[in-house]
Amino acid sequence: MGTSLKIRPYARLLTMLGEQLIRDEQIALAELIKNGYDADADWVKVSFIGFVPNKKTGDFELTKNSKIIIEDNGLGMGRDVIEKSWMNPATPNKKLQENSSIITKKGRTIQGEKGIGRFAVLKLGRNIVITTRPIGENNEYTLTYDFSKYDDDFLKENGKEKELYLDQLSFDLQENAPIHFIERNVIVNHKEFTDNAHGTIIEISDLKGTWDKDKIDKVNKESQKLESVFDKIFKRTIKYPFSIGFNMNGEDMPYIDPKVDKLATLLKEYSVLRITKGKYNHNRLQFEYVLNGNPYVLSLKDPLLTALTPFKERFMANKDIFENPMLREPECGSFSFNFFVFDFAADKESVYYLDKADKDIVKEHRIYLYRDKIRVSPYGDADNDWLETDKKRGTGKAGGYLSNDQVVGFVDITKKGNPKLKDKTNREGLIEEGRATRDFIMLIHSFLLYIRQHPYEQYKQRIKLIKEQKDAELHITENKFRRLYDVVKDNNEAIELYKDLHSAYIKEKEIYNNRINVTEELAAVGLSVETASHDLMMMLSQGINHLVDLSDAVKRGILEKSVISEELTEIKSILLFVQDEMRNIQLLFKSSKQRKRTIRIIPILDKVAQIYKNTLIRAKIDLVIEERGAPLAIKCTDAVILQLLINLFDNAIYWLSSISRMDKKIHIILDGDKKELVFSDNGPGVADEDKPYIFEAFYSGKDEGRGLGLYIARQLLYRMGFSIVLMNEPLVLPGANFKVDFNNVNEEE
């Protein structure tokens, strides 16, 4: 015969819900302050009473008379609310309001939803007295929790062990004529409030933990961040402001951040990229934002986004019936954002230069998260990496990501618009259940990665070009010296000064050129190694793919000798290429060390096409090679053509794999009469804003790319007197089209 059992929790559950679940006093006070916000209070005042200052250290010491008092002028609580809501944790009242989208009269969306926050008082002390008067009632109510006779785990009462259950705890509720809540004026942060005949006072004594000046200042500072610091910076109008004041032994402690104005200046004038009015539009599946004053739209289907590894892994894992990647719609809902990106490496001549003090201010802030205008902690703290930027920089290509401390901003969500994004019970971030929270984080992560790979990299390339132009101005200086000589050559005294000046300039220039030469030589050595490693990684990947195909075929028992021979021949070709490249690393500047000879392009192209054969099949890409006119033959080295074609194939396959279409194509035209090669695909093409930079070193649209492929191709061709350009019109295929001109500009007619 079965027995019906009921849950009967021990009293120590209070400790688990309060003291252990809530990390520290700052979060505990934040929860109690949020109660005032939910109650439509105009203000909350936190007072530290009976704290004795230590004259030697400047800190405070606790005594038996020390108290913390949290007071507000909110709606207050009547007997019915106290008995049915306050005394019953996890009350459904707020949850029902949330589901029906009910907000307060002042337009605030209620923050608390589990009712657990009320136990934050247990993190602060053992004796709690709550006095409250609701609007419209003539009496006030006093509820007393006296836990001083119990130990912290509620396992002992007055020093004696006792098996104590939660339902055995009793609390005293008194109803009296108003004493505390009467018509009175209250000053909070130098502002006077008059409507104060209602609200709640929580008095906590028999305090736990320790308090010092630094800790109180920190709690004060962090409490001011409950509402968005950006509302203050951008002076946004708040219809019903919420003031939070701190008081120590009767003396107000108004928190005035002297750095807010400076931060405002830095955000508005010294950030390299200012991304404002940002919104992820869930209905349209796109990001909409204004970048440095110009509006942009970035679709979730844009190849510049879908090709990024974090986005691809999170949202493009599904396949359609043709095995093309399909976009899975994120489940987090729409949200808004503003981001400000700084360049910590900007030199003193740059308008974006930051000194150490400026950098320190920026580093104090990260990307904050606000729900219905109230902060979700600890997102935004200097040591919090909720968007996993530092994690990715530590495990992947660091330079491919914006660092956590160079971006300041905020993301706004709402309960109504983002119902699946829920706070953890301990108030430390969002619950990661289902897909919504991870979708939300990875959307922002991917967007910032796109910003780093494109707008920010374009800015860096512009800076580099400006520097190169300044270097070229040395020739202008020499011309001015010649003109100056012509002017003063008949003046003996002036010509002597000119000679001294010119001699000093020549010495300075020589020192400068020596430094440039050393730097360029070191860069060339590094780039040569980087170049070889780039090609080796690609070729080794191809070799691994061939081995995987061979292994799978062996397991299925479907191989014939001819197939085995073909696969082994390709693996041998790859290993020979790797062997050649390893030899070239020893020589450095490999292409310039090899002897030129007249070679035909088609055999090398066929070799590369064979290397990529299985990759093209897996990616369902059709390859067309068209020969026009006479066979294309040029005086060059095999290595130059091999690296050129490998890089072009690698780029085309990468970008074609980022899009969903049935007819993926690569079309190569060899024109021996014109001495030209055209390499085209019908992928996403090159974005207009990327076109000026695609041949620059280390510029890449791939999050894991080195940004060397096209740069290497151009440099190698240039050394041979050839050139490569991105074609505009006419296009062979509606994607990326490159034309290689093999007419040697260095050859004599």
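Helices (H or I, at least four residues) and strands (E, at least two) are runs assigned by DSSP and numbered from the N terminus. The legends below describe close-up views of a predicted model.

**Figure 1. Overview of the protein chain in the predicted model.** The protein chain holds 20 helices and 30 strands. Of its 749 residues, 48% are buried. Taking contacts in the protein chain between residues at least 6 apart in sequence, 73% join residues at least 24 apart.

**Figure 2. The open sheet of eight strands.** The strand order is S9-S6-S5-S12-S4-S1-S13-S14, and the pairing is mixed. The edges are formed by strand S9 (172-176) and strand S14 (251-252). Each of these has a single partner strand, so one side of each lacks a neighbour in the sheet. Helix H2 (residues 25-38) packs on the sheet, where it touches strand S1 (43-49), S4, S12 and strand S13 (243-248). The direction of H2 makes about 140 degrees with that of S1. Helix H6 (residues 213-223) lies across S1 and S13, and its direction is at about 170 degrees to that of S13.

**Figure 3. Strand S12 (residues 199-207) and its pairing with S4 and S5.** Seven of the nine residues of S12 are buried, so the strand is largely enclosed by the rest of the structure. Buried here stands for a relative accessible area under 20%. Strand S4 (residues 67-72) pairs with S12 in the antiparallel sense over five bridges, and isoleucine 70 stands opposite isoleucine 202 of S12. Strand S5 (residues 125-133) also pairs with S12 in the antiparallel sense, over eight bridges; here asparagine 127 stands opposite serine 205 of S12. In a regular strand, side chains alternate between the two faces of the sheet.

**Figure 4. Two residues other than glycine with positive phi, aspartate 206 and leucine 285.** Most residues other than glycine have a negative phi. Aspartate 206 lies in strand S12, and its phi is near 50 degrees. With a relative accessible area of 31%, aspartate 206 is partly exposed. Leucine 285 is located in the loop between strand S15 (273-281) and strand S16 (286-291), and its phi is about 50 degrees. Leucine 285 has a relative accessibility of 11% and therefore counts as buried, the cut-off being under 20%.

**Figure 5. Packing of helix H8 (residues 260-270) with helix H11 (residues 356-363).** The two axes come within 10 Å and cross at roughly 95 degrees. H8 and H11 are therefore roughly perpendicular to each other, a class that spans 65 to 115 degrees. H8 contributes Lys262, Leu263 and Leu266 to the contact, and H11 contributes Asp358, Ile361 and Val362. Classed by type, the residues of this contact are four nonpolar and two charged, with no polar residue.

**Figure 6. The buried side of H11.** Asp358, Ile361 and Val362 of H11 are buried. The arc they cover around the axis is only 100 degrees, so they are on the same side of H11. An α-helix has 3.6 residues a turn, so residues three or four places apart point the same way. The buried residues of H11 pack against H8 and strand S23 (407-413).

**Figure 7. Surroundings of glutamate 457 in helix H13 (residues 436-488).** Glutamate 457 counts as buried because its relative accessibility is 9%. When residues up to four places away in sequence are not counted, glutamate 457 touches Arg452, Phe698 and Tyr699.

**Figure 8. Two cis peptide bonds, leading to proline 378 and proline 730.** Most peptide bonds are trans. The bond from serine 377 to proline 378 is cis, and its omega is near 0 degrees. Proline 378 sits in the loop between strand S22 (374-375) and helix H12 (389-395). The bond from glutamate 729 to proline 730 is also cis, with omega near -10 degrees. Proline 730 sits in the loop that lies between strand S29 (723-726) and strand S30 (737-741).

Conventions:
Residues are numbered from 1 along each chain as its sequence is written. This is a predicted model: local features need pLDDT of at least 70, side-chain atom pairs count only at pLDDT 80 or more; totals for chains, interfaces and linings use all residues. Side-chain values use heavy atoms; hydrogens and water are left out. Buried means under 20% relative accessible area, exposed over 50%, partly exposed in between (1.4 Å probe, protein chains only). Two strands pair if DSSP finds at least two bridges between them. Axes are lines fitted to C-alpha atoms, for helices over the stretch in contact, and angles run from 0 to 180 degrees between N-to-C directions. Angles under 35 degrees count as roughly parallel, over 145 as roughly antiparallel, 65 to 115 as roughly perpendicular and the rest as oblique. Contact means heavy atoms within 4.5 Å. Ala, Val, Leu, Ile, Met, Phe, Trp, Tyr, Cys and Pro count as nonpolar, Asp, Glu, Lys and Arg as charged, and the others, Gly among them, as polar. The arc is that of the directions from the helix axis to the C-beta atoms.
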